[in-house]
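Colleague: I should like to understand how the terms used for a protein model are justified. May I ask you to set each value against its definition?

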Amino acid sequence: DMLRKDGYQTAATTVDGQNTFNKGVPQYSNPAWTVSTRNFELFDYKSSVGATDMLNLIQELNGYSEVDNNIFSDTWTSTVSQALFEYETAKEIDEAISSNSAYNMDHYNGNTPLGSEFRAVAQNMIMRDIRKVDRDMYYVDQGGYDMHREDELDINFSELNGALSDFVTELQRQGIWDDTAIVISSDFGRTLTPNSDGGTDHAWGGNYLLLGGGVKGGRILGTYPEELTDASDLWVRRGRLIPTLPWDAVWSGIANWMGVKGDVDLDFIVPNRRSFDKCSVLFTDEDLFDTFSVPHDATCAVEDGDGDGVPDDLDSCPDTEYWTGAAVDSLGCAAASPTDAPTDAAVTPAPGPMAVASVLDVDSHI
(Lines give C-alpha, C1' and ligand atoms only; values in the text may rest on other atoms or scores of the structure.)
Protein backbone atom coordinates (compact mmCIF):
# COMPACT_ATOMS: atom_id res chain seq x y z
CA ASP A 1 0.00 0.00 0.00
CA MET A 2 2.75 2.47 0.92
CA LEU A 3 4.74 1.66 -2.22
CA ARG A 4 1.66 2.17 -4.38
CA LYS A 5 0.91 5.44 -2.56
CA ASP A 6 4.46 6.56 -3.29
CA GLY A 7 4.08 5.94 -7.01
CA TYR A 8 5.56 2.48 -7.49
CA GLN A 9 3.74 -0.04 -9.66
CA THR A 10 3.02 -2.90 -7.29
CA ALA A 11 1.35 -6.31 -7.22
CA ALA A 12 0.60 -8.60 -4.28
CA THR A 13 -0.03 -12.15 -5.46
CA THR A 14 -0.96 -15.50 -3.93
CA VAL A 15 -0.64 -18.86 -5.66
CA ASP A 16 -3.77 -21.04 -5.71
CA GLY A 17 -5.03 -20.01 -2.31
CA GLN A 18 -6.16 -17.50 0.27
CA ASN A 19 -4.83 -13.99 -0.20
CA THR A 20 -5.22 -12.84 3.42
CA PHE A 21 -1.47 -12.37 3.88
CA ASN A 22 -1.22 -10.01 0.91
CA LYS A 23 -4.35 -7.96 1.49
CA GLY A 24 -3.86 -4.27 2.08
CA VAL A 25 -6.13 -1.49 3.26
CA PRO A 26 -9.15 -0.92 0.97
CA GLN A 27 -8.63 2.86 0.81
CA TYR A 28 -5.52 2.37 -1.35
CA SER A 29 -7.34 0.21 -3.94
CA ASN A 30 -4.42 -2.19 -4.13
CA PRO A 31 -6.06 -5.64 -4.38
CA ALA A 32 -4.37 -8.98 -3.80
CA TRP A 33 -4.19 -11.10 -6.94
CA THR A 34 -4.13 -14.85 -7.50
CA VAL A 35 -2.17 -16.89 -10.03
CA SER A 36 -2.82 -20.53 -10.78
CA THR A 37 -0.55 -23.53 -11.10
CA ARG A 38 -2.94 -24.89 -13.75
CA ASN A 39 -2.82 -24.12 -17.45
CA PHE A 40 -4.86 -21.21 -18.71
CA GLU A 41 -8.38 -22.10 -19.87
CA LEU A 42 -10.32 -19.89 -22.25
CA PHE A 43 -13.58 -18.51 -20.87
CA ASP A 44 -16.71 -20.09 -22.43
CA TYR A 45 -18.14 -17.25 -24.45
CA LYS A 46 -21.29 -19.17 -25.41
CA SER A 47 -24.29 -17.58 -23.73
CA SER A 48 -27.33 -19.46 -22.49
CA VAL A 49 -29.45 -16.32 -22.94
CA GLY A 50 -29.01 -15.84 -26.64
CA ALA A 51 -26.28 -14.58 -28.92
CA THR A 52 -24.87 -12.16 -26.33
CA ASP A 53 -21.17 -12.46 -25.56
CA MET A 54 -21.24 -13.98 -22.05
CA LEU A 55 -18.09 -12.20 -20.87
CA ASN A 56 -19.39 -8.79 -21.92
CA LEU A 57 -22.74 -9.54 -20.31
CA ILE A 58 -21.12 -10.42 -16.98
CA GLN A 59 -18.94 -7.31 -17.15
CA GLU A 60 -22.01 -5.18 -17.82
CA LEU A 61 -23.95 -6.70 -14.93
CA ASN A 62 -21.07 -6.27 -12.48
CA GLY A 63 -19.43 -3.11 -13.76
CA TYR A 64 -21.53 -0.44 -12.08
CA SER A 65 -22.48 0.33 -8.50
CA GLU A 66 -25.84 1.95 -7.84
CA VAL A 67 -26.72 4.27 -4.96
CA ASP A 68 -29.21 1.77 -3.55
CA ASN A 69 -26.84 -1.21 -3.70
CA ASN A 70 -26.13 -3.04 -0.46
CA ILE A 71 -22.77 -4.20 0.89
CA PHE A 72 -23.38 -7.79 -0.20
CA SER A 73 -24.06 -6.91 -3.84
CA ASP A 74 -21.14 -4.50 -3.92
CA THR A 75 -18.83 -7.15 -2.44
CA TRP A 76 -20.04 -9.66 -5.01
CA THR A 77 -19.55 -7.17 -7.85
CA SER A 78 -16.06 -6.26 -6.63
CA THR A 79 -15.04 -9.92 -6.41
CA VAL A 80 -16.40 -10.77 -9.86
CA SER A 81 -14.83 -7.68 -11.42
CA GLN A 82 -11.43 -8.56 -9.98
CA ALA A 83 -11.76 -12.15 -11.21
CA LEU A 84 -12.58 -10.88 -14.71
CA PHE A 85 -9.61 -8.53 -14.65
CA GLU A 86 -7.36 -11.42 -13.56
CA TYR A 87 -8.79 -13.50 -16.39
CA GLU A 88 -8.02 -10.81 -18.97
CA THR A 89 -4.48 -10.48 -17.61
CA ALA A 90 -3.99 -14.26 -17.63
CA LYS A 91 -5.27 -14.37 -21.22
CA GLU A 92 -2.83 -11.65 -22.28
CA ILE A 93 0.02 -13.51 -20.56
CA ASP A 94 -0.96 -16.81 -22.20
CA GLU A 95 -0.98 -15.17 -25.63
CA ALA A 96 2.41 -13.57 -24.96
CA ILE A 97 3.89 -16.93 -23.93
CA SER A 98 2.60 -18.50 -27.15
CA SER A 99 4.03 -15.77 -29.36
CA ASN A 100 7.32 -14.96 -27.61
CA SER A 101 9.84 -17.69 -26.78
CA ALA A 102 11.48 -15.43 -24.18
CA TYR A 103 8.46 -16.01 -21.93
CA ASN A 104 8.34 -19.76 -22.47
CA MET A 105 9.18 -21.88 -19.42
CA ASP A 106 8.74 -25.42 -20.70
CA HIS A 107 12.23 -26.11 -19.35
CA TYR A 108 10.97 -25.60 -15.77
CA ASN A 109 9.56 -28.85 -14.35
CA GLY A 110 8.03 -27.94 -10.99
CA ASN A 111 6.98 -31.53 -10.56
CA THR A 112 5.90 -31.35 -6.89
CA PRO A 113 2.97 -29.43 -5.38
CA LEU A 114 5.32 -26.80 -3.93
CA GLY A 115 7.48 -26.87 -7.04
CA SER A 116 4.47 -26.05 -9.21
CA GLU A 117 3.70 -23.04 -6.99
CA PHE A 118 7.24 -21.73 -7.36
CA ARG A 119 7.01 -22.28 -11.10
CA ALA A 120 3.80 -20.22 -11.25
CA VAL A 121 5.60 -17.41 -9.39
CA ALA A 122 8.60 -17.54 -11.73
CA GLN A 123 6.28 -17.44 -14.75
CA ASN A 124 4.46 -14.44 -13.31
CA MET A 125 7.73 -12.66 -12.56
CA ILE A 126 9.04 -13.01 -16.09
CA MET A 127 5.84 -11.35 -17.35
CA ARG A 128 6.33 -8.22 -15.22
CA ASP A 129 6.70 -5.98 -18.26
CA ILE A 130 3.25 -7.03 -19.44
CA ARG A 131 1.86 -6.65 -15.93
CA LYS A 132 3.60 -3.26 -15.69
CA VAL A 133 4.99 -3.66 -12.17
CA ASP A 134 8.31 -2.81 -10.53
CA ARG A 135 7.55 -4.13 -7.03
CA ASP A 136 6.14 -7.63 -6.45
CA MET A 137 5.04 -9.49 -3.33
CA TYR A 138 4.21 -13.22 -3.58
CA TYR A 139 2.90 -15.77 -1.14
CA VAL A 140 3.15 -19.57 -1.43
CA ASP A 141 2.62 -22.18 1.25
CA GLN A 142 3.56 -25.72 2.13
CA GLY A 143 1.51 -27.64 4.68
CA GLY A 144 2.20 -30.74 6.69
CA TYR A 145 4.39 -29.41 9.51
CA ASP A 146 1.95 -30.03 12.40
CA MET A 147 3.70 -33.25 13.39
CA HIS A 148 2.16 -34.19 16.73
CA ARG A 149 2.51 -37.91 16.02
CA GLU A 150 4.93 -38.55 13.20
CA ASP A 151 8.18 -37.04 12.06
CA GLU A 152 8.23 -36.48 8.31
CA LEU A 153 10.34 -33.35 8.43
CA ASP A 154 12.91 -34.84 6.06
CA ILE A 155 10.20 -35.40 3.43
CA ASN A 156 8.94 -31.81 3.66
CA PHE A 157 12.45 -30.38 3.64
CA SER A 158 13.32 -32.47 0.60
CA GLU A 159 10.37 -31.04 -1.33
CA LEU A 160 11.20 -27.51 -0.15
CA ASN A 161 14.87 -27.88 -1.09
CA GLY A 162 14.05 -29.16 -4.57
CA ALA A 163 11.49 -26.42 -5.19
CA LEU A 164 13.88 -23.69 -4.00
CA SER A 165 16.76 -25.06 -6.06
CA ASP A 166 14.73 -25.01 -9.29
CA PHE A 167 13.32 -21.57 -8.49
CA VAL A 168 16.70 -19.99 -7.78
CA THR A 169 18.15 -21.49 -10.96
CA GLU A 170 15.29 -19.97 -12.97
CA LEU A 171 15.63 -16.52 -11.40
CA GLN A 172 19.36 -16.59 -12.11
CA ARG A 173 18.52 -17.40 -15.72
CA GLN A 174 16.11 -14.44 -15.79
CA GLY A 175 18.78 -12.21 -14.23
CA ILE A 176 16.65 -11.14 -11.24
CA TRP A 177 17.96 -13.33 -8.41
CA ASP A 178 19.83 -10.38 -6.90
CA ASP A 179 16.54 -8.45 -6.90
CA THR A 180 14.59 -11.13 -5.04
CA ALA A 181 14.25 -11.92 -1.35
CA ILE A 182 12.65 -15.12 -0.05
CA VAL A 183 11.33 -15.20 3.51
CA ILE A 184 10.55 -18.62 4.97
CA SER A 185 8.14 -18.29 7.89
CA SER A 186 5.72 -20.41 9.89
CA ASP A 187 2.66 -20.11 12.10
CA PHE A 188 4.75 -20.90 15.18
CA GLY A 189 7.72 -22.91 16.42
CA ARG A 190 7.76 -26.47 17.78
CA THR A 191 8.76 -27.87 21.15
CA LEU A 192 12.35 -29.07 21.41
CA THR A 193 11.32 -32.09 23.48
CA PRO A 194 9.01 -34.78 22.01
CA ASN A 195 5.54 -35.61 23.25
CA SER A 196 4.37 -39.07 24.28
CA ASP A 197 3.47 -39.93 20.66
CA GLY A 198 6.97 -39.19 19.39
CA GLY A 199 5.97 -35.93 17.75
CA THR A 200 6.30 -32.27 18.74
CA ASP A 201 3.75 -29.73 19.94
CA HIS A 202 3.06 -26.04 19.33
CA ALA A 203 5.69 -23.65 20.67
CA TRP A 204 6.82 -20.07 20.14
CA GLY A 205 10.33 -19.17 18.96
CA GLY A 206 11.95 -20.86 15.97
CA ASN A 207 14.50 -20.45 13.22
CA TYR A 208 13.47 -18.81 9.95
CA LEU A 209 15.33 -18.04 6.77
CA LEU A 210 15.93 -15.06 4.49
CA LEU A 211 17.42 -15.92 1.09
CA GLY A 212 18.31 -13.87 -1.97
CA GLY A 213 21.11 -13.00 -4.34
CA GLY A 214 21.51 -9.61 -2.66
CA VAL A 215 21.13 -10.85 0.92
CA LYS A 216 24.04 -10.58 3.37
CA GLY A 217 23.94 -14.30 4.04
CA GLY A 218 25.83 -16.83 6.12
CA ARG A 219 24.78 -15.31 9.45
CA ILE A 220 22.48 -15.96 12.39
CA LEU A 221 20.63 -12.82 13.46
CA GLY A 222 19.11 -12.54 16.90
CA THR A 223 20.42 -14.13 20.07
CA TYR A 224 20.92 -17.88 19.95
CA PRO A 225 20.21 -19.49 23.37
CA GLU A 226 23.35 -20.35 25.31
CA GLU A 227 21.49 -23.28 26.89
CA LEU A 228 18.90 -25.48 25.19
CA THR A 229 17.67 -26.71 28.57
CA ASP A 230 15.41 -25.41 31.32
CA ALA A 231 18.49 -23.59 32.68
CA SER A 232 17.96 -20.97 29.96
CA ASP A 233 15.98 -17.82 30.72
CA LEU A 234 14.35 -18.30 27.31
CA TRP A 235 13.08 -21.81 28.11
CA VAL A 236 9.33 -22.03 28.82
CA ARG A 237 8.12 -25.52 29.68
CA ARG A 238 8.91 -28.51 27.45
CA GLY A 239 11.33 -26.75 25.17
CA ARG A 240 9.24 -23.76 24.20
CA LEU A 241 11.64 -20.86 23.66
CA ILE A 242 10.87 -17.16 23.90
CA PRO A 243 11.88 -15.43 20.63
CA THR A 244 14.76 -12.96 20.81
CA LEU A 245 13.92 -11.26 17.51
CA PRO A 246 10.50 -10.00 16.37
CA TRP A 247 9.16 -10.29 12.84
CA ASP A 248 8.87 -6.50 13.00
CA ALA A 249 12.67 -6.32 12.70
CA VAL A 250 12.80 -8.42 9.54
CA TRP A 251 9.90 -6.72 7.76
CA SER A 252 11.24 -3.25 8.61
CA GLY A 253 14.49 -4.03 6.81
CA ILE A 254 12.71 -5.62 3.86
CA ALA A 255 10.37 -2.63 3.57
CA ASN A 256 13.45 -0.35 3.36
CA TRP A 257 14.90 -2.54 0.63
CA MET A 258 11.64 -2.39 -1.34
CA GLY A 259 11.76 1.43 -1.22
CA VAL A 260 10.05 2.57 2.00
CA LYS A 261 12.09 4.95 4.18
CA GLY A 262 9.98 7.25 6.33
CA ASP A 263 9.04 6.33 9.89
CA VAL A 264 5.40 7.25 9.21
CA ASP A 265 5.15 4.78 6.31
CA LEU A 266 7.07 2.11 8.24
CA ASP A 267 4.72 2.48 11.21
CA PHE A 268 1.84 1.80 8.85
CA ILE A 269 3.50 -1.31 7.42
CA VAL A 270 4.83 -2.68 10.72
CA PRO A 271 2.48 -1.24 13.35
CA ASN A 272 4.16 -2.96 16.31
CA ARG A 273 7.66 -1.70 15.54
CA ARG A 274 7.31 1.04 18.18
CA SER A 275 7.36 -1.73 20.80
CA PHE A 276 11.04 -2.34 20.04
CA ASP A 277 14.21 -0.28 20.13
CA LYS A 278 15.18 0.91 16.66
CA CYS A 279 18.92 0.69 17.28
CA SER A 280 19.27 -2.62 19.12
CA VAL A 281 16.37 -4.67 17.73
CA LEU A 282 14.94 -3.39 14.44
CA PHE A 283 16.79 -3.80 11.15
CA THR A 284 17.25 -1.48 8.21
CA ASP A 285 18.09 -2.74 4.74
CA GLU A 286 21.78 -2.17 5.54
CA ASP A 287 21.58 -5.03 8.07
CA LEU A 288 20.08 -7.47 5.57
CA PHE A 289 21.14 -6.59 2.02
CA ASP A 290 24.29 -5.74 0.10
CA THR A 291 22.57 -2.80 -1.59
CA PHE A 292 20.80 -0.46 0.80
CA SER A 293 19.44 3.07 1.16
CA VAL A 294 18.87 3.36 4.93
CA PRO A 295 22.10 3.16 6.96
CA HIS A 296 21.35 1.66 10.36
CA ASP A 297 23.51 3.67 12.76
CA ALA A 298 22.83 7.00 11.08
CA THR A 299 19.05 6.64 11.17
CA CYS A 300 18.06 4.50 14.15
CA ALA A 301 18.56 7.17 16.83
CA VAL A 302 16.43 9.85 15.14
CA GLU A 303 12.83 10.27 14.07
CA ASP A 304 12.47 10.91 10.36
CA GLY A 305 8.77 10.78 9.58
CA ASP A 306 9.01 11.60 5.88
CA GLY A 307 12.23 9.68 5.22
CA ASP A 308 14.12 12.55 3.62
CA GLY A 309 17.18 12.12 5.86
CA VAL A 310 16.47 15.20 8.00
CA PRO A 311 15.38 14.58 11.63
CA ASP A 312 11.85 15.70 12.43
CA ASP A 313 13.01 18.29 14.98
CA LEU A 314 15.01 20.07 12.23
CA ASP A 315 12.59 19.42 9.35
CA SER A 316 10.72 22.50 8.11
CA CYS A 317 9.08 20.47 5.32
CA PRO A 318 7.75 17.33 7.03
CA ASP A 319 6.03 15.92 3.94
CA THR A 320 8.95 15.67 1.51
CA GLU A 321 8.39 12.99 -1.13
CA TYR A 322 11.51 10.92 -0.42
CA TRP A 323 10.67 8.34 -3.12
CA THR A 324 11.34 10.83 -5.95
CA GLY A 325 15.05 10.88 -5.15
CA ALA A 326 15.04 14.69 -5.28
CA ALA A 327 17.70 16.57 -3.30
CA VAL A 328 16.70 18.31 -0.07
CA ASP A 329 18.39 21.05 1.88
CA SER A 330 19.38 21.03 5.57
CA LEU A 331 15.81 21.96 6.53
CA GLY A 332 14.32 19.00 4.72
CA CYS A 333 12.87 21.07 1.88
CA ALA A 334 13.30 20.51 -1.84
CA ALA A 335 16.57 22.05 -2.98
CA ALA A 336 15.32 23.33 -6.31
CA SER A 337 17.46 25.46 -8.60
CA PRO A 338 16.42 29.17 -8.77
CA THR A 339 16.01 28.77 -12.53
CA ASP A 340 13.74 25.75 -12.29
CA ALA A 341 10.26 26.47 -13.56
CA PRO A 342 7.29 25.09 -11.64
CA THR A 343 5.71 21.97 -13.08
CA ASP A 344 2.46 20.08 -12.67
CA ALA A 345 3.90 16.89 -14.10
CA ALA A 346 3.16 13.68 -12.21
CA VAL A 347 5.89 12.63 -9.81
CA THR A 348 7.32 9.15 -10.29
CA PRO A 349 9.86 7.32 -8.15
CA ALA A 350 13.49 7.62 -9.11
CA PRO A 351 15.10 4.34 -10.23
CA GLY A 352 16.19 2.34 -7.21
CA PRO A 353 19.12 -0.03 -6.81
CA MET A 354 17.13 -2.82 -8.45
CA ALA A 355 15.06 -2.91 -11.61
CA VAL A 356 12.39 -4.97 -9.92
CA ALA A 357 12.20 -5.92 -6.26
CA SER A 358 10.30 -9.06 -5.34
CA VAL A 359 9.61 -10.56 -1.94
CA LEU A 360 8.40 -14.15 -1.73
CA ASP A 361 7.00 -15.37 1.57
CA VAL A 362 6.99 -19.15 1.93
CA ASP A 363 4.66 -20.09 4.77
CA SER A 364 5.30 -23.53 6.24
CA HIS A 365 1.99 -23.98 8.00
CA ILE A 366 0.18 -26.67 9.90
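Modeller: Let us begin with a pair of charged residues in this predicted model. K278 and D263 form a salt bridge, and their closest N and O atoms are 3.2 Å apart.

Colleague: Why is the contact between K278 and D263 called a salt bridge?

Modeller: The term requires a side-chain nitrogen of Lys or Arg within 4 Å of a carboxyl oxygen of Asp or Glu. The closest N and O atoms of K278 and D263 are 3.2 Å apart, so the pair meets the definition.

Colleague: What makes this pair a tie between separate parts of the sequence?

Modeller: D263 belongs to helix α8, whereas K278 lies in the loop between α8 and α9; the pair therefore ties together parts that are 15 residues apart in sequence.

Colleague: Why is K278 called buried?

Modeller: Buried means under 20% relative accessible area. K278 has 16% relative accessibility, and therefore counts as buried. Its partner D263 is buried too.

Colleague: How do you know that K278 forms a salt bridge with E303?

Modeller: The closest N and O atoms of K278 and E303 are 3.8 Å apart. The cut-off is 4 Å, so this pair also qualifies. K278 is in the loop between α8 and α9 and E303 in the loop between α10 and β8, 25 residues apart.

Colleague: What makes E303 and R274 a salt bridge?

Modeller: Their closest N and O atoms are 2.8 Å apart, which is within 4 Å, so the definition is satisfied. R274 lies in the loop between α8 and α9 and E303 in the loop between α10 and β8, so this pair ties together parts that are 29 residues apart in sequence.

Colleague: Why are E303 and R274 called partly exposed?

Modeller: Partly exposed covers the range between under 20%, which is buried, and over 50%, which is exposed. E303 has a relative accessible area of 33%, so it falls in that range. R274, at 44% relative accessibility, therefore counts as partly exposed as well.

Colleague: Which residues do salt bridges that share partners join into one network?

Modeller: The network consists of D263, D267, R273, R274, K278 and E303. The structure holds 14 salt bridges.

Colleague: Let us turn to a serine. Why is S232 called buried?

Modeller: Its relative accessibility is 11%, and the limit is under 20%, so S232 counts as buried. S232 is found in the loop between β5 and β6. The side chain of S232 reaches the backbone nitrogen of L234 at 3.1 Å. Leaving aside residues up to four places away in sequence, S232 touches P225 and E227.

Colleague: Which residues of the largest nonpolar core touch the most other members?

Modeller: They are F118, V121, M125, M127 and F167, out of 29 residues in that core. Helix α4 gives the most to this core, with seven residues. Another core, of 22 residues, lies apart from it and includes L3, V250, L288 and F289.

Colleague: Where is confidence lowest, and where is it highest?

Modeller: The mean pLDDT is lowest in strand β8, at 60, and highest in helix α9, at 97. The protein averages a pLDDT of 83, and 84% of the residues score at least 70.

Key: Residues numbered from 1 in each chain as written. Predicted model: local features only at pLDDT ≥ 70, side-chain atom pairs only at ≥ 80, totals over all residues. Heavy atoms only, no water. pLDDT = per-residue confidence, 0-100. Helix = DSSP H or I, 4+ residues; strand = E, 2+ residues; numbered from the N terminus. Buried < 20%, exposed > 50% of the residue type's maximum accessible area, 1.4 Å probe, protein only. Polar contact = N/O pair within 3.5 Å; in protein donor to acceptor, adjacent residues only side chain to side chain. Contact = heavy atoms within 4.5 Å. Core = buried A, V, L, I, M, F, W, Y, C linked by side-chain atoms within 4.5 Å.
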